[in-house]
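Work through these exercises with the structure in view. Try each task before you read its solution.

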Amino acid sequence: MNSRHPADEICQSADTDPHTGSDTAKDLFAPGFPNAVICYVCICVFFPAPIALLFAVQFADHSEERLFAHYYYIRTTIALMVIGSSIGGVMIVLGAEISTHLILAGLLLAALAEMLAIARCLKGVAFALMRKSPPSYHSYIL
């Protein structure tokens, strides 16, 4: 039975559409360039960086060479961020007992590590959007 009500037509056309939103959500959580971009964004936001690390470890073995390069680059970026922040934090804690110069040096080291991680993420996003692997992805420098 056909109805002239426009809402019925919308419901019928939505039910017959084979491409729903679940396919796009599934693509974001599968190995690919969109997932690499999500990982870079997670690192820039800092708190969801463990999610990016989980994706990078999970998908690195099951992807082609270009994607493997991105996931390796994500892992080295997170390692750089953790190492720099940890050493900076230790310097800050030790500086509380020793000297304010050590506190400032720790803050500077942590800030530089975070800025380098953000610069690496921006570079990674640019190469992921071009669907290319980042050059010299084994390096901890930019």
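**Exercise 1.** How many helices and how many strands does the chain have?

*Solution.* Keep in mind that this is a predicted model. Count the helices: there are six. Now count the strands: there are zero. Read along the sequence, and the pattern is α-α-α-α-α-α.

**Exercise 2.** Describe the chain as a whole: its burial, its surface and its contacts.

*Solution.* Start with burial. The chain has 142 residues, and 30% of them count as buried. Next, take the surface. About 9,000 Å² is exposed, and carbon and sulfur atoms supply 70% of that area. Last, take the contacts with a separation of 6 or more. Residues 24 or more positions apart account for 63% of them.

**Exercise 3.** Is His-70 buried or exposed?

*Solution.* First, locate the residue: His-70 sits in helix H5. Then read its relative accessible area, which is 0%. Buried means under 20%. His-70 is therefore buried. Finally, look at what surrounds it. Leave aside neighbours within four places in sequence; the contacts of His-70 then include Phe-33, Ala-36, Tyr-40, Phe-127 and Lys-132.

**Exercise 4.** Which residues form a nonpolar patch on the surface with Ile-83?

*Solution.* Begin with Ile-83 itself. Its place is in helix H5, which covers residues 65-97. The relative accessible area of Ile-83 is 48%. Partly exposed lies between the 20% and 50% limits, so Ile-83 is partly exposed. Now find its partners: Ile-87 and Leu-109 complete the patch. Together, the three residues have about 240 Å² of accessible area.

How values were computed:
Residues are numbered from 1 along each chain as its sequence is written. This is a predicted model: local features need pLDDT of at least 70, side-chain atom pairs count only at pLDDT 80 or more; totals for chains, interfaces and linings use all residues. Side-chain values use heavy atoms; hydrogens and water are left out. Patches are made of residues with over 30% relative accessible area and no salt bridge: like charges are joined within 9 Å, nonpolar side chains (Val, Leu, Ile, Met, Phe, Trp, Tyr) within 5 Å. Accessible areas come from the Shrake-Rupley method with a 1.4 Å probe; for residues, only the protein chains shown count as cover. A salt bridge is a side-chain nitrogen of Lys or Arg within 4 Å of a carboxyl oxygen of Asp or Glu. Helices (H or I, at least four residues) and strands (E, at least two) are DSSP runs, numbered from the N terminus. Buried means under 20% relative accessible area, exposed over 50%, partly exposed in between (1.4 Å probe, protein chains only). Contact means heavy atoms within 4.5 Å.
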